[in-house]
Amino acid sequence: MDIEDLGIAADLGHHTDTLALLDRMQPFEADVVIPMDRSGPAPLRLTVPW
């Protein structure tokens, strides 16, 4: 996933330092996608328990 894939919502990225998205497709866990971070490496994807 890239920030341009968000369409109109990609405009949010112009005003933020870090953009994080949650994807809960699996029960009891969520993928945290960080497509943009001005202070560190990106893109980043983490899977966390939910």
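I started with I34 and looked up its bridge partner in β3, which is L44. This is a predicted model, where local features need pLDDT of at least 70, side-chain atom pairs count only at pLDDT 80 or more, and totals for chains, interfaces and linings use all residues. Residues are numbered from 1 along each chain as its sequence is written, and side-chain values use heavy atoms, with hydrogens and water left out.

Next I checked the strands around that pair. β2 (residues 29-37) and β3 (residues 44-49) run antiparallel and are joined by 6 bridges; two strands pair if DSSP finds at least two bridges between them. The hairpin from β2 to β3 goes through 6 residues.

Then I went to the other side of β2. There, 5 bridges join it to β1, again antiparallel, and L19 has M36 as its bridge partner in β2.

I put the sheet together: it is open, has 3 strands in the order β1-β2-β3, and pairs antiparallel. β1 (18-23) and β3 are the edge strands, each pairing on one side only. Neighbouring strands are turned by 25 degrees against each other on average, direction ignored (axes are lines fitted to C-alpha atoms, and angles run from 0 to 180 degrees between N-to-C directions).

I counted elements too: 0 helices and 3 strands, with helices (H or I, at least four residues) and strands (E, at least two) taken as DSSP runs numbered from the N terminus.

Last, burial. I noted that 22% of the 50 residues count as buried, meaning under 20% relative accessible area with a 1.4 Å probe, protein chains only.
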